[in-house]
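The following exercises are intended for a reader who wishes to work through a protein model from its overall fold to individual residue pairs. Please attempt each task with the sequence and structure in view before turning to the solution.

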Amino acid sequence: MSSDNTSATDSPPPPPSLAEELGGSKPRLLIQRTHAAFVSKLYAMVADASTDSLISWTADGDCFKVTDPTEFARNVLPVYFKHGNWPSFVRQLNMYGFHKINDLAYGGIFGDTQLWMFKHPHFQRGKLGELQCIKRRGPKTAPSATSADAS
């Protein structure tokens, strides 16, 4: 007889939450993982009140703003990602279908810093269930030589 106390009726442990996946030094925001890690981390960044001076929801909660991209890249991005590269972050946003809002009614230039705002129809404050609709786009492919030859 073995001294193992586990039985066949024990259920497996639950899958890790986003907070567990992000580790101890990162903000604790529990989001069910039904979507890409990038989307989870982005939502956690925007929802984290401690980073509101650099990244936060707009008043309507239908888009988010980054008030100082240089400071954001230096202080916030490395906490969530393996880099602090602003252009790379913007490229990722574009790959997931986010669009920069250029409307001066929303933002513009304030002092020495530029306000950047991004919007996605399924990325809204308090609507965690919509995050699963945000998918990464595949790479754009160049037209094949055979289709060019056929014309």
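The exercises below concern this predicted model, and each is followed by a worked solution.

**Exercise 1. Overall composition**

Determine how many helices and strands the protein has, in which pattern they follow one another, and what share of the residues counts as buried.

*Solution.*
Step 1. The count of elements gives six helices and six strands.
Step 2. Read along the sequence, these elements follow the pattern α-α-β-β-α-α-α-β-β-β-β-α.
Step 3. Of the 151 residues, 35% count as buried. The accessible surface comes to about 9,600 Å², and carbon and sulfur atoms hold 54% of this area.
Step 4. Among contacts with a separation of 6 or more, 52% join residues that are 24 or more positions apart.

**Exercise 2. The open sheet**

Establish the order of the strands in the four-stranded open sheet, and identify which strands stand at the edges.

*Solution.*
Step 1. The order is β1-β2-β6-β3, with antiparallel pairing.
Step 2. β1 (55-57) and β3 each have a single partner strand and stand at the edges, so one side of each is left without a neighbour in the sheet.
Step 3. The pairings can now be taken in turn. β1 and β2 pair over three bridges in the antiparallel sense, and isoleucine 55 stands opposite valine 66 in β2. These two strands form a hairpin with five residues between them, and glycine 61 in the turn has a positive phi of about 75 degrees.
Step 4. Four bridges join β2 to β6; lysine 65 has methionine 117 in β6 as its bridge partner.
Step 5. β3 and β6 pair over two bridges, again in the antiparallel sense. The bridge partner of lysine 100 in β6 is phenylalanine 118. Lysine 100 also lies over the face of tryptophan 116, at 4.5 Å from the ring centre.

**Exercise 3. The surroundings of valine 66**

State whether valine 66 is buried or exposed, and list the residues that it touches beyond its sequence neighbours.

*Solution.*
Step 1. Valine 66 is found in strand β2.
Step 2. Its relative accessible area is 0%; buried means under 20%, so valine 66 is buried.
Step 3. Leaving aside residues up to four places away in sequence, valine 66 touches Leu54, Ile55, Phe72, Trp86, Gln114, Leu115 and Trp116.
Step 4. The C-alpha atoms of valine 66 and phenylalanine 118 are 8.5 Å apart in space, although the two residues are 52 residues apart in sequence.

**Exercise 4. Helices lying across the strands**

Find which strands α2 lies across and which strands α5 lies across, and decide why α2 may be called largely enclosed.

*Solution.*
Step 1. Helix α2 (residues 37-47) lies across β1 and β2 (63-66), and runs at about 85 degrees to β1.
Step 2. Helix α5 lies across β2 and β6, and runs at about 25 degrees to β6.
Step 3. Eight of the 11 residues of α2 are buried, so this helix is largely enclosed by the rest of the structure. The buried residues are Phe38, Val39, Ser40, Leu42, Tyr43, Ala44, Met45 and Val46.
Step 4. A residue of α5 may be examined as well. Asparagine 94 lies in this helix; with a relative accessibility of 36%, asparagine 94 counts as partly exposed. Its C-alpha atom is separated by 9.8 Å from that of histidine 120, 26 residues away along the chain.

**Exercise 5. Aromatic pairs**

Determine how many aromatic pairs the structure holds, and classify the pair of phenylalanine 72 and phenylalanine 89.

*Solution.*
Step 1. The structure holds 17 aromatic pairs.
Step 2. Phenylalanine 72 and phenylalanine 89 have ring centres 5.3 Å apart and planes at 55 degrees, and the pair is tilted.
Step 3. Phenylalanine 72 belongs to helix α3 (residues 69-75) and phenylalanine 89 to helix α5 (residues 86-95), so the pair ties together parts that are 17 residues apart in sequence. Both phenylalanine 72 and phenylalanine 89 are buried.
Step 4. For phenylalanine 98 and phenylalanine 123, the centres are 5.2 Å apart and the planes stand at 75 degrees, so this pair is edge-to-face.
Step 5. Phenylalanine 98 lies in the loop between α5 and β3 (99-100), and phenylalanine 123 in the loop between β6 (116-119) and α6 (145-150), so the pair ties together parts that are 25 residues apart in sequence.
Step 6. Phenylalanine 98 counts as buried at 1% relative accessibility, and phenylalanine 123 likewise counts as buried at 1%.

Conventions
Residues are numbered from 1 along each chain as its sequence is written. This is a predicted model: local features need pLDDT of at least 70, side-chain atom pairs count only at pLDDT 80 or more; totals for chains, interfaces and linings use all residues. Side-chain values use heavy atoms; hydrogens and water are left out. Buried means under 20% relative accessible area, exposed over 50%, partly exposed in between (1.4 Å probe, protein chains only). Contact means heavy atoms within 4.5 Å. Accessible areas come from the Shrake-Rupley method with a 1.4 Å probe; for residues, only the protein chains shown count as cover. Rings of Phe, Tyr and Trp (its six-membered ring) pair if their centres lie within 6.5 Å; planes under 30 degrees apart count as stacked, over 60 as edge-to-face and the rest as tilted. A charge sits over a ring if NZ of Lys or CZ of Arg is within 6 Å of the ring centre and within 35 degrees of the ring normal. Two strands pair if DSSP finds at least two bridges between them. Axes are lines fitted to C-alpha atoms, for helices over the stretch in contact, and angles run from 0 to 180 degrees between N-to-C directions.
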